[in-house]
Amino acid sequence: MRLRLTPRTTEFYDLFTKAGENALEAARSADTRFREYPNSSVAQADVKAIETAGDDITRELIQLLNTQYVTPFDREDIYELTTAVDDVVDYIEEASDLLELYGVSSPTKHAVEQCRILVQAVEQLSFALAHLKGMRGVQDALVELKRLEDEGDRVVHDAVAALFRDDRIDPLIVIRWKDIYEGLEKAIDAAEHAANVIANILVKNA
């Protein structure tokens with residue numbers, strides 16, 4: 001690929017905005033799927049389609065990065081942020097997929113609470129991505145996302161503890177829900193990692 005000297009920095013910001021919107025759509029769809037399961041208005045195929053759309057945005061960003069001589073901030077930070085946002089959507093899709101894979105009959109209150117936190121965390125991430133240019137309000141969004149990640153840690157701790165507190169629960173059910181809780185936690189953690197990348201960009205470009 002040839003490097004182009006004509007700046008197209010606006011396209012980076014546009015694509016990061018799209019990536020954030022796509023991640024938020026994935027989080028909201030997973031939230032609906034968990035809350036309404038097993039008779040959900042959102043099928044796993046819907047979540048998978050959003051994940052595939054995210055892959056397309058990731059490819060566009062990497063292709064743009066590989067063909068542009070002038071970038072809005074460090075190339076390695078653009079690549080890391082691109083893959084970090086992609087990971088968020090991947091983890092959301094994987095957690096959602098476990099519902100059918102494990103034959104879950106109905107959601108637990110802890111999983112629903114995790115999904116609520118996930119949506120709020122990705123809302124903050126989406127805002128930060130949409131405001132990379134100018135960085136207005138981004139720091140506040142990152143601080144709130146960190147608070148939500150801490151809340152998510154507390155919820156998953158309580159959720160796993162509850163599984164092992166009741167000896168009457170089938171061990172297979174314990175294993176299944178532990179995996180689902182940890183899958184949702186990975187998605188929230190991935191959102192925090194993406195926020196940390198943005199925080200690093202803020203420091204470098206202050």
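Which backbone nitrogen does a side-chain oxygen of Asp170 reach at the start of α6? In this predicted model, the partner is the backbone nitrogen of Leu172, and the side-chain oxygen of Asp170 comes to within 2.8 Å of it. Helix α6 itself covers residues 171-204, which amounts to 34 residues. At 1.5 Å a residue, a helix of this length should span 50 Å; the end C-alpha atoms of α6 lie 49 Å apart, so the expected and computed spans agree.

The interior was then examined for enclosed space. Rolling a probe the size of a water molecule over the atoms shows where empty space is left. One cavity of 30 Å³ or more was found, and the largest cavity holds about 80 Å³ of space. Helices α1 (9-36), α2 (44-67) and α3 (75-101) are the elements that each give two or more residues to its lining. The largest share of that lining comes from α3, with five residues. Phe16, Ala19, Asn22, Gly54, Ile57, Thr58, Leu61, Leu81, Thr82, Val85, Asp86 and Val89 make up the lining of the largest cavity. Sorted by class, the lining comprises seven nonpolar residues, four polar residues and one charged residue.

Helix α1 also contains Ser29. The relative accessibility of Ser29 is 13%, and because the cut-off for buried is under 20%, Ser29 counts as buried. With neighbours within four places in sequence left aside, the residues in contact with Ser29 are Val42, Val47 and Ile50.

Note on methods: Residues are numbered from 1 along each chain as its sequence is written. This is a predicted model: local features need pLDDT of at least 70, side-chain atom pairs count only at pLDDT 80 or more; totals for chains, interfaces and linings use all residues. Side-chain values use heavy atoms; hydrogens and water are left out. Helices (H or I, at least four residues) and strands (E, at least two) are DSSP runs, numbered from the N terminus. The expected span of a helix is 1.5 Å times one less than its number of residues. A polar contact is a pair of N or O atoms within 3.5 Å; within protein, one must be able to donate a hydrogen and the other to accept it, and residues adjacent in sequence count only if both atoms are side-chain atoms. On a 1 Å grid over the protein atoms alone, a cavity is a set of points where a 1.4 Å probe fits but cannot get out, and a pocket is an open set with protein on both sides within 12 Å along at least five of seven lines; lining residues have an atom within 4 Å of a point. Grid points are joined across faces, edges and corners, and a volume is the space filled by probe spheres set on the points. Ala, Val, Leu, Ile, Met, Phe, Trp, Tyr, Cys and Pro count as nonpolar, Asp, Glu, Lys and Arg as charged, and the others, Gly among them, as polar. Buried means under 20% relative accessible area, exposed over 50%, partly exposed in between (1.4 Å probe, protein chains only). Contact means heavy atoms within 4.5 Å.
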